[in-house]
Structure formats: C-alpha cells, structure tokens
Amino acid sequence: MSSSPGASPVQLAGQVGERALALTGVLELDGGVLGEFSTYGNGQRVRGVLVRIGAAPRVTVRLIAALGEPLPALAEQLRDRVEDVLPGARIDVAITDVRRQAAERPSTGGPS
Amino acid sequence: MTDTTSTSTSSGGSGAAGESSPAQRGARLQTDRGVTTIDDIVVAKVAALAAREVDGVAQLGGSVSGALGSLFGRMRDEGHQTTGVGVEVGERQAAVDLTMTAMYPASIPQVSDSVRQNVIDRVESLTGLEVVEVNIGVMDLQFPGDENDEEQEREERQERERERERQEYLQQPSRVE
C-alpha cells in the first residue's frame with residue numbers, strides 16, 4: 001500500500017484515514033455535520049480527510065480523539081504514520097471533539 | 001450570591017520541574033510538518049472534567065442550570081457535558097470561564113484556587129494550549145443534605161427506570177414458555 005505517484009487524492013485520503021484510525025487515540029474521523037470535510041472521487045468519498053496534491057501538497061485530518069490522550073503527541077504520531085502517503089505534504093490535524101473510549105464500545109453489537 | 005475571582009497566569013502556575021513550559025507545549029501545536037487545531041468543545045470538556053474532580057465543587061453552573069444541564073445531558077446521553085463552562089481558544093492559548101456551585105462549608109477561595117490549578121494542569125497537558133486565564137464564578141452553595149437528597153433521588157429514579165425496563169422486557173409477548 002505504498003503511494004504510487006499517480007494515486008488520486010481519494011485513494012491517498014483512504015490510506016490516510018485507515019492509518020489514522022489504526023491509532024488507539026483516534027476514535028473517529030469527523031467529516032462535519034454535512035460531511036463537508038471529505039475527499040471525493042471515483043464514486044466514493046473519505047470523510048474527515050482532505051488531500052490536496054500539487055505544488056503545495058497538503059493533508060488535513062479532522063478527528064475525534066479519546067479523552068485523556070495528550071493531543072499534540074497524538075497529532076505527531078499521526079504525522080509519523082501518514083507522512084509517507086504523500087511525501088513532503090504538510091499535515092494539519094484538527095481535533096474536533098473528545099470522548100471517553102470505553103463509552104464508545106458497548107454501543108456496538110448490543111443485544112437489546 | 002456571586003463571587004467572582006479571577007487570576008491571570010502567564011506562567012501557567014508552578015510547573016513541575018523537568019516539564020516543558022506551556023509556551024513550548026503550545027509551540028508543539030505549530031510544527032514544521034503541520035498545524036494542530038483544538039476545537040472549543042475539546043477544551044470545554046477537559047476543563048469541565050478537571051473542575052468537577054475538585055472536592056468542594058458540587059456541580060458546574062448554578063443550581064438551576066446545573067439541574068437543567070444534567071437533565072439535557074442525560075437525554076442526550078452525554079457523559080461529560082460542558083454546562084457552566086465557556087472557553088475561548090486561539091492557536092496557542094486558551095481562556096476558560098466557568099461557573100459553579102460550591103459545597104458548603106468548603107472555603108470558596110481554596111476551592112476556586114484548586115479548580116483553577118486543576119483546569120490549568122489538565123488543559124495544558126492534554127491539549128498543549130497555554131491557559132492564560134481561568135475565571136470562576138461561584139453562583140450558588142449546596143448544603144450537604146441537599147446533595148444527598150438529590151443524589152438519592154437520582155439513583156432511585158434510575159433504579160425505577162431500570163425496573164420498568166426489566167418489567168417491559170419480561171412482558172414482551174415474544175417470550176413464550
């Protein structure tokens with residue numbers, strides 16, 4: 001899953017999103033209320049990740065973090081993880097909310 | 001009954017030895033590789049939790065806003081609401097305004113000092129923002145008896161709720177013997 005030179009923004013965004021979510025401190029990517037912070041292309045879109053290629057390549061990741069996580073360190077971890085997706089790109093990280101991690105999990109797969 | 005105390009702390013209080021200064025921590029939000037931004041709600045949640053941790057804080061907000069806040073908070077299933085907390089967040093710095101109900105007979109200056117220190121510590125260590133100001137308004141006092149009543153009442157209400165759900169579940173026609 002290395003970055004081929006001709007990869008489209010939406011492919012790159014997908015890789016960035018995957019790697020971001022693999023971090024334990026990242027609970028969700030945040031595409032905004034209307035999903036306006038997304039990268040589009042090829043009939044798909046990646047919410048919460050903006051990728052701009054060109055002369056000044058830039059990646060913006062909007063995420064909801066786990067409460068208690070030191071956020072500047074989390075952002076640095078994220079930059080370490082995704083910088084080789086689009087080498088030389090500036091990686092901006094926006095922390096849009098924090099939540100308790102434990103409170104997130106039980107809601108999935110509840111028996112009811 | 002409003003007692004407002006405020007302090008500006010440019011140094012972020014007595015930082016522990018060996019820790020980076022708030023200015024340096026703030027700088028970590030602006031790196032060569034990109035910028036990290038922290039939304040208001042993040043700072044508000046961290047500040048609210050830090051304030052509530054302090055002994056002598058009955059709740060955030062006054063008694064009315066506290067009651068409404070906990071009601072709405074529960075309705076939205078929001079574990080850590082930000083009732084009574086206002087923040088201003090810049091690129092490197094943040095200011096926090098909060099209102100609270102103090103526990104009688106705790107010393108209000110001592111409680112507010114502890115709240116201020118805890119809010120500064122938490123917000124600075126978790127968000128990397130330098131906290132330049134924590135303004136605290138003590139809006140009301142709560143007396144030990146009140147608190148017990150309220151807490152008990154809340155527990156009883158939750159217990160009744162659970163019991164009712166249990167009954168409803170048991171009475172579902174799908175349960176055939």
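Let me start with a single pair of residues: A:Glu28 has A:Ile64, in strand 5 of chain A, as its bridge partner. Helices (H or I, at least four residues) and strands (E, at least two) are DSSP runs numbered from the N terminus, and two strands pair if DSSP finds at least two bridges between them. What you see is a predicted model, in which local features need pLDDT of at least 70 and side-chain atom pairs count only at pLDDT 80 or more, while totals for chains, interfaces and linings use all residues. Residues are numbered from 1 along each chain as its sequence is written, and chains are lettered from A and ligands numbered from 1 in the order in which they are written.

The pair I began with belongs to the antiparallel pairing of strand 1 and strand 5 of chain A, which are joined by three bridges. Strand 4 of chain A also runs antiparallel to strand 5 of chain A, with four bridges between them, and here A:Arg52 has A:Arg58 as its bridge partner in strand 5. Five residues lie between the strands of this hairpin of strands 4 and 5 of chain A, where A:Gly54 takes a positive phi near 125 degrees. With strand 6 of chain A, strand 5 of chain A pairs in the parallel sense, over nine bridges, and A:Ala66 stands opposite A:Arg99 of strand 6. Between these two strands the chain passes through helix 2 of chain A, in a β-α-β crossover that is right-handed, a term that applies if, with the strands pointing away from the viewer, the path from the first strand over the helix to the second runs clockwise.

How many of the nine residues of strand 5 of chain A are buried? Seven of them are, so strand 5 of chain A is largely enclosed by the rest of the structure; a residue counts as buried if 20 or more other C-beta atoms, placed from the backbone, lie within 10 Å of its own, as exposed if 12 or fewer do, and as partly exposed in between.

Helix 1 of chain A, residues 9–21, is next. Its 13 residues should span 18 Å at 1.5 Å a residue, and the end C-alpha atoms are 18 Å apart, which agrees; the expected span is 1.5 Å times one less than the number of residues. Among the buried residues of this helix are A:Leu12, A:Val16 and A:Ala20. The buried residues of helix 1 of chain A pack against strands 1 to 5 and helix 2 of chain A.

For chain A as a whole, the secondary structure comes to three helices and six strands, and of its 112 residues 40% count as buried. The mean pLDDT, the predictor's confidence in each residue from 0 to 100, is 87 in chain A, and 86% of the residues reach 70 or more.

Chain B has five helices and seven strands, and 33% of its 177 residues count as buried. Its pLDDT averages 79, with 68% of the residues scoring at least 70. Among its elements, strand 1 of chain B (residues 3–8) has the lowest mean pLDDT, 48, and helix 4 of chain B the highest, 97. Over residues 6–19 of chain B the pLDDT is below 50, and over residues 73–77 of chain B it also stays under 50. Where pLDDT is low, the predicted coordinates should not be read in detail.

One residue of helix 2 of chain B is B:Ala44. Is B:Ala44 buried or exposed? B:Ala44 is buried, because 24 other C-beta atoms lie within 10 Å. Leaving aside residues up to four places away in sequence, B:Ala44 touches B:Thr82, B:Val85 and B:Val87, where a contact needs C-beta atoms, placed from the backbone, within 7 Å.

Finally, the contact between the chains. It takes 19 residues from chain B and 17 residues from chain A. On the side of chain B that touches chain A, strand 3 (34–38), helix 2 (40–52) and helix 4 (108–127) of chain B each give two or more residues, and strand 3 of chain B gives the most, with five. Strand 3 of chain B runs parallel to strand 6 of chain A (residues 90–99), and three bridges join the two; within strand 3 of chain B, B:Thr36 stands opposite A:Val93. The model scores ipTM 0.85 and pTM 0.75.

Key:
Contact = placed C-beta atoms within 7 Å.
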